[in-house]
Each structure stands twice: as structure tokens, then as C-alpha cells.
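Colleague: Could you walk me through one part of this fold up close, and then through what sits around it? Take your time, one long answer is fine.

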Amino acid sequence: MTRIAVVPGSFDPVTLGHLDVIERAAGLFDQLHVLVVHNPGKTALLPIAQRVSLLQESIAAAGVKNVLVTSWSVGLLVDYCTDVGASVLVKGIRSQVDVAYETPMAIVNRDLAGVETIFMLPDPAHAHVSSSLVRQVAALGGDVSPYVPRSVANYLQKDRG
Ligand code: PNS
């Protein structure tokens, strides 16, 4: 049986913390789907299609082969999981704040469709890194290269002109 897991998120933009979790999760499953989902609770920086292509570039540059990057905008996250035969979600957990945010969603996703959630700890070197911090530093003209893959840093730099 092919073991498929989904790593969902806003990825606005993908950070080195995300990439670390994606790389290690890819080693645990036959196929990993990285799914860009619009989060209505957040003010977006990048269009969904741009987030997908930056993820694809970053994952290819990291040499990870068994990962599919796509987006999902219709219905529940667990509907996507059911459609592709995935029974596991993987989430990166940096702190107790993330545990508090993710736990109710994990329980609801299990209630809705029996989809289990695995929490993975990112490398502590990335524990302080978040997309929202990157968006803020980029918006104010700072250097985001310590926090994001090279393709993202290049894109955000170019975006500033
Ligand atoms: O990176 P984020 O913004 O923290 O990701 C949050 C995300 C996209 C994973 C979350 O908003 C989500 O799961 N959305 C899908 C909507 C859904 O299925 N909700 C019901 C079950 S929680």
C-alpha cells in the first residue's frame, strides 16, 4: 500500500522551517503532497499560484523527489485527503502556541474523516521563523534570506524592485 501524507498550510511564503519539515516528512512516506490552502484569517502577500511555484522550486533545489505541490480551494482539507487516498496530515510544531492552534483542527479532521495528524518538530534553528515574520521583514525592506529558501529571497527582493 502506498503511504500518502499531506502537509497543508498557507506557505505565504514557504520558510526554511517549512522546508525542514517537508524534507523530513518526505522520508517517512511514499508520497508527500504539499497543499497550499487559502487561510481566510490571514492577509495574503503572495497569490496562491506563486506560493506553489516557490514551493516547487525550493523542494526541487533541496533534491527531494517524492513530493507533489498543489493547491486546494474547494471544501474541506479532509476532502482533498480522501480524494488522493491520504490518511495522514503532517504539521510542524514550533511551540505550545502551535500546539494550541493545531490541536482542535487535528481532532476535527479525525472526527470528520478519520484523518490522523502527526506533529513534527522543526530543527530548533528554525523555531523562531514564521511566514508572518518574513512578510513583515520583507514589507519593511529587511533581509529575509536567513529565513527562507533562496528562490523565495530572490523573489521577494525582485518584488521590491
Ligand atoms: O499555514 P496555516 O495558515 O496555519 O494553515 C492553516 C490551514 C490551511 C492548514 C487551515 O486553515 C486548514 O486546515 N484549512 C482547511 C479548512 C478546513 O478543512 N477546515 C475544517 C477542519 S479544521
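Modeller: Let's start with what covers helix 1: its buried residues are covered by a set of elements that includes strand 1 (4-9), strand 2, helix 2, strand 3 (67-72), strand 4 (88-92) and strand 5. Keep in mind that this is a predicted model. Helix 1 itself runs over residues 16-26, and its buried residues are G17, L19, D20, V21, I22, A25 and A26. At its N-terminal end you'll find a cap: T15 puts a side-chain oxygen 3.2 Å from the backbone nitrogen of G17.

Now follow T15 outwards. T15 is touched by S130, which also touches R94, if you skip residues up to four places away in sequence. S130 belongs to the loop between strand 5 (116-120) and helix 5 (131-139). S130 counts as buried because its relative accessible area is 16%, and the cut-off for buried is under 20%. The S130 side chain has a couple of polar partners worth clicking on. One is the side chain of S132, joined to that of S130 by a polar contact of 3.2 Å. Another is the backbone nitrogen of L133, which the side chain of S130 reaches at 3.1 Å.

Back to the stretch leading into helix 1, where the backbone does a couple of things you may want to look at. F11 sits in the loop between strand 1 and helix 1. The phi angle of F11 is near 50 degrees, so a positive value turns up here in a residue other than glycine. F11 is also buried, at 3% relative accessibility. In the loop between strand 1 and helix 1 you also meet P13, and the peptide bond from D12 to P13 is cis, with omega near 5 degrees.

D12 and P13 bring us to L46. That residue comes from the loop between strand 2 (31-37) and helix 2 (48-61). Apart from its neighbours within four places in sequence, L46 makes contact with D12, P13, R51, L54, Y155 and L156. L46 has a relative accessible area of 4%, which means it is buried. If you'd like a sense of distance back to helix 1, take A26: the C-alpha atoms of L46 and A26 are 25 Å apart, with their positions 20 residues apart along the chain.

R51, one of the contacts of L46, deserves a look of its own. R51 is in helix 2. You might expect an arginine to be out in solvent, but this one counts as buried because its relative accessibility is 4%. A polar atom of the R51 side chain lies 3.0 Å from the backbone oxygen of S10. Setting aside residues within four places in sequence, R51 is in contact with S10, F11, D12, V36, V37, A44 and L46.

One of those R51 contacts is V36, in strand 2. V36 is at 0% relative accessibility, so it too counts as buried. Once neighbours within four places in sequence are left out, its contacts are G9, S10, F11, I48, R51, V52, L55, T70, S71 and W72. The C-alpha atoms of V36 and F11 are separated by 6.5 Å, although their positions lie 25 residues apart along the chain.

S10 and V37 also lead us to the ligand. Around the ligand are G9, S10, V37, N39, K42, L76, L77, K91, Y101, M105, V108 and N109. Helix 4 (residues 96-113) gives the largest share of that shell, with four residues. Three side chains have polar atoms by the ligand's oxygens. For N39, a side-chain N or O atom is 2.9 Å from an oxygen atom of the ligand. For K42, the distance from a side-chain N or O atom to a ligand oxygen is 2.7 Å. For Y101, a polar side-chain atom lies 3.1 Å from an oxygen atom of the ligand. On its own the ligand has 550 Å² of accessible area, and the protein covers 78% of that. As for where it is, the ligand sits in the largest pocket.

Terms used: Residues are numbered from 1 along each chain as its sequence is written. This is a predicted model: local features need pLDDT of at least 70, side-chain atom pairs count only at pLDDT 80 or more; totals for chains, interfaces and linings use all residues. Side-chain values use heavy atoms; hydrogens and water are left out. Helices (H or I, at least four residues) and strands (E, at least two) are DSSP runs, numbered from the N terminus. Buried means under 20% relative accessible area, exposed over 50%, partly exposed in between (1.4 Å probe, protein chains only). Contact means heavy atoms within 4.5 Å. A residue is near a molecule or strand if one of its heavy atoms lies within 4 Å of it. A polar contact is a pair of N or O atoms within 3.5 Å; within protein, one must be able to donate a hydrogen and the other to accept it, and residues adjacent in sequence count only if both atoms are side-chain atoms. Accessible areas come from the Shrake-Rupley method with a 1.4 Å probe; for residues, only the protein chains shown count as cover. On a 1 Å grid over the protein atoms alone, a cavity is a set of points where a 1.4 Å probe fits but cannot get out, and a pocket is an open set with protein on both sides within 12 Å along at least five of seven lines; lining residues have an atom within 4 Å of a point. A molecule sits in a cavity or pocket if more than half of its atoms lie within 2 Å of its grid points.
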